[in-house]
Every structure is written in C-alpha cells, then in structure tokens.
Amino acid sequence: MNRPIHGGNLAWAAQIAGCPASLIIDFSASINPLGPPPSAIAAIEEGLAALTAYPDPDYTQLRSALAQYHQLPPDWILPGNGSAELLTWASWELSQQEVTYIVTPAFGDYWRALKTFGARIQACLLDLESEAQEIPAKLTSIDTKSAGLLLNNPHNPTGRLFLRDKLLPYLDRFALTVVDEAFMDFLPPQEQQSLISAVQDYPNLAIVRSLTKFYSLPGLRLGYAIARPDRLRRWQRWRDPWPVNTLAAAAAAAVVRDRTFQAQTWDWLLPTREKLYRGLSSLPGLYPLEGAANFLLVRTEQSSSQLQEALLKKARLLIRDCLSFPELGDRYFRIAVRSQEDNQKLLEALAKIGARSEGE
C-alpha cells in the first residue's frame with residue numbers, strides 16, 4: 001500500500017502498526033474530537049425516511065440555513081461534496097488566467113486540481129521562521145488583472161492566520177481570488193479574519209468552506225462556496241447532479257444552527273492547543289509553530305517519516321508526515337489537536353522515542 005498523501009488513512013496506518021484501524025489514535029487528520037454533534041446524528045436519523053427520493057437539486061433548505069448563518073442571500077451559496085469538489089471548479093476558472101499564484105507550502109489538492117486543467121502555477125513561499133501574519137512578500141509586487149490567487153486562511157499546514165485587512169488589497173490586484181477558509185470556523189467569531197463580508201463587493205472573490213472538520217463529519221463530505229450567483233451557476237452547470245447526498249444535506253443544515261456545539265468547540269480548542277504547544281516545545285529536538293487552527297506544524301531534528309513509523313508501531317499513534325509538501329520534506333510533521341488525554345499519550349510517546357534515539 002502506497003504512502004498516503006492525505007491525513008486520515010487508517011487502513012495504511014493499521015498495516016504499519018499491525019493492529020485494527022479502530023485501535024489507532026489519529027493525529028494526522030485535523031478533525032474536531034468533540035463531534036459529531038448530537039444535532040447531526042438526529043438530523044441523519046430523521047432523514048433516513050427521505051432516502052427513497054432524490055435530493056433537492058437546489059438544496060433549498062441547506063442553502064437557507066447557510067444563508068441565515070452568514071447573513072447572505074441563498075443564491076450566493078453553493079453546497080458541495082466537500083470543499084475539495086468546489087476547489088476543483090474554482091481551479092477550472094483559475095486555470096483560465098495567465099498564471100495562478102499559490103501560497104506554499106500548499107494543500108496537495110490545489111496542485112492536483114490546477115494541474116488537471118493545465119493551469120500555469122507560480123508558487124510564493126511563506127517564511128516559516130517569521131511570526132508575522134503576512135503572506136509572502138513576493139505577492140505585494142504583483143498588480144495584474146490577468147492572474148489568479150489561491151490561498152487558504154488559516155493556512156494549512158502552518159496554521160498561520162492572515163489578517164483580513166492585509167488580504168483586502170489583493171482583491172484589487174487579481175482577476176480572481178479564491179480563499180479556502182476550511183479551518184476558519186475553529187476561531188471564535190470575534191477572532192475570525194474571514195473575507196465573507198467582502199464577497200458582495202468583489203465579483204472576483206470566491207470563498208470555499210468545509211463543514212466536515214469543525215463538525216467532525218469527514219465521512220459525509222460537506223462543504224460550500226460563497227461567491228456571486230453567476231459564478232456559482234457556472235460551477236453548478238459543470239458538475240455532476242446531486243453532489244450532496246440527502247443525509248449530508250440534512251446534517252449540514254442542522255449543525256450550522258448548533259450554537260451549543262460551536263461554543264463548546266471554541267472553549268475547548270484554545271487552552272488545549274496551548275497546552276499541547278507547550279508540551280511539544282519542552283521536548284528536545286521538536287519546534288512547534290504557533291497556529292490559529294486545530295492543528296500544529298512541528299519541525300523535528302529526526303526524520304518525520306521514521307518518527308511516524310515508530311509512533312505507529314510502539315504507541316498506535318498516527319501523525320501526518322509532510323513529505324507531500326516539497327518545501328517541508330522529512331523534517332516537519334503536523335498533528336491535530338485532540339483531547340487532553342490523547343494529546344498526553346502523544347507527548348509521552350514522543351518523549352520515549354526521543355530518549356531512545358539519544359541512547360542509540
């Protein structure tokens with residue numbers, strides 16, 4: 001079985017660990033450990049009776065729920081089969097520009113989708129050592145209406161949060177700007193730096209969001225795009241019919257109204273992430289980067305792939321190596337913030353493996 005390029009491949013991990021997949025604690029996929037919320041389970045159970053009919057092709061109820069959540073008209077929102085599906089159509093449009101700039105290291109699906117449509121790609125590397133919330137300086141010198149820009153905020157895999165006021169000027173410089181806000185929900189509303197409030201003022205702006213990470217529903221494949229209705233109608237024409245299944249649509253409409261679960265997540269994440277960051281910082285040879293999302297990127301003096309294998313075999317813990325990010329290679333790994341108990345298991349296992357390596 002080939003080494004995975006995404007997190008969450010428990011079948012591959014179980015083969016390395018020599019145990020059932022159910023026994024592995026997965027730090028490689030950045031999924032909220034508090035979910036799925038009861039509201040999602042209840043909506044799925046209630047929706048079972050509707051499985052004998054095709055989904056509403058316009059997803060009227062789901063669009064209405066998302067529109068209310070973001071205070072937008074429903075036709076400015078397009079549900080999708082995960083944010084990855086919507087990024088495919090965004091990449092089709094970006095490929096029609098003379099060049100598309102992406103902030104790297106970048107989510108692997110950006111490369112996949114853009115290359116599928118023959119886009120000319122120009123990478124702009126983040127300064128990983130800088131603590132400033134700035135996008136690459138290279139982008140500040142670009143002022144063209146024949147180029148596209150694709151970035152995510154908070155940034156994956158570093159967790160860096162770009163400030164809204166710093167991003168707004170770029171909307172005047174590019175023919176099309178696509179912002180992937182898959183992890184923005186993990187910040188409390190007063191701390192979010194979303195560009196959703198600007199989308200009605202900028203016809204060249206499209207935003208993609210995920211509903212699977214925050215609400216712990218990756219198996220349902222849920223996402224949505226926010227952009228001008230004419231752009232979303234084009235995407236709708238390009239894709240297969242009924243991309244979101246009935247149960248996924250029902251769950252999504254329920255969870256965006258679930259204020260209790262949202263508050264629980266925000267209350268959990270900040271102190272838990274901070275404690276995990278401090279724990280990693282205290283271990284020799286590990287250098288975590290501060291981040292705003294529900295994951296941490298960690299520089300390591302050891303080989304991350306060897307560390308990943310050791311954690312699987314000795315502790316049944318799966319971390320995300322960063323071999324699929326060419327700029328990071330074998331000296332970085334990424335971990336999700338999980339429960340205090342799981343995080344402590346990881347810290348103890350890393351300490352043991354580090355001590356064993358020093359003794360060898």
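Reader: Where does helix 9 bend, and by how much?
Author: The bend is at L269 and amounts to about 25°. The bend at a residue is the angle between two axes, one fitted to the seven residues ending there and one to the seven starting there. A proline, P271, follows within four residues of L269.

Reader: What kind of model is this, and what limits apply?
Author: The model is predicted: local features need pLDDT of at least 70, and side-chain atom pairs count only at pLDDT 80 or more, while totals for chains, interfaces and linings use all residues. Residues are numbered from 1 along each chain as its sequence is written, and side-chain values use heavy atoms, with hydrogens and water left out.

Reader: How do you know that the length of helix 9 agrees with its number of residues?
Author: Helices are DSSP runs of H or I with at least four residues, strands are runs of E with at least two, and both are numbered from the N terminus. The expected span of a helix is 1.5 Å times one less than its number of residues. For the 23 residues of helix 9 (residues 259-281) that gives 33 Å, and the end C-alpha atoms are 33 Å apart, so the two values agree.

Reader: Which residues of helix 9 are called buried?
Author: Buried means under 20% relative accessible area, exposed means over 50%, and partly exposed lies in between (1.4 Å probe, protein chains only). Among the buried residues of helix 9 are F261, W266, W268, L269, R273 and Y277.

Reader: Why is Q71 called buried or exposed?
Author: Q71 has a relative accessibility of 65%, so it counts as exposed. Q71 sits in the loop between helix 3 (60-70) and strand 2 (77-80).

Reader: What makes S216 buried or exposed?
Author: At 12% relative accessibility, S216 is buried. Its place is the loop between strand 7 (205-210) and strand 8 (223-226).

Reader: What is notable about the phi of Q71 and of S216?
Author: Most residues other than glycine have a negative phi, and most peptide bonds are trans. Q71 is not a glycine, yet has a positive phi of about 55°. S216, also not a glycine, has a positive phi of about 55°.

Reader: Which peptide bonds are called cis, and what is omega there?
Author: The bond joining G35 and P36 is cis, with omega about 0°. P36 lies in the loop between strand 1 (25-26) and helix 2 (38-47). The bond from T104 to P105 is cis too, with omega near 0°. P105 is in the loop between strand 3 (99-104) and helix 5 (108-116).

Reader: How many disulfides does a search find?
Author: A disulfide is counted when a pair of cysteine sulfur atoms lies within 2.5 Å. The search of the whole structure finds zero. C19 is buried at 8% relative accessible area, and C322 is buried at 0%.

Reader: Why is strand 10 called largely enclosed?
Author: Five of its six residues (295-300) are buried, so strand 10 is largely enclosed by the rest of the structure.

Reader: How do you know which strands pair with strand 10?
Author: Two strands pair if DSSP finds at least two bridges between them. Strand 9 (residues 286-288) has three bridges to strand 10, and the two run antiparallel. L286 stands opposite T300 in strand 10, and the two strands form a hairpin with six residues between them. Strand 13 (residues 332-336) and strand 10 share five bridges, again antiparallel. R299 has Y332 in strand 13 as its bridge partner.
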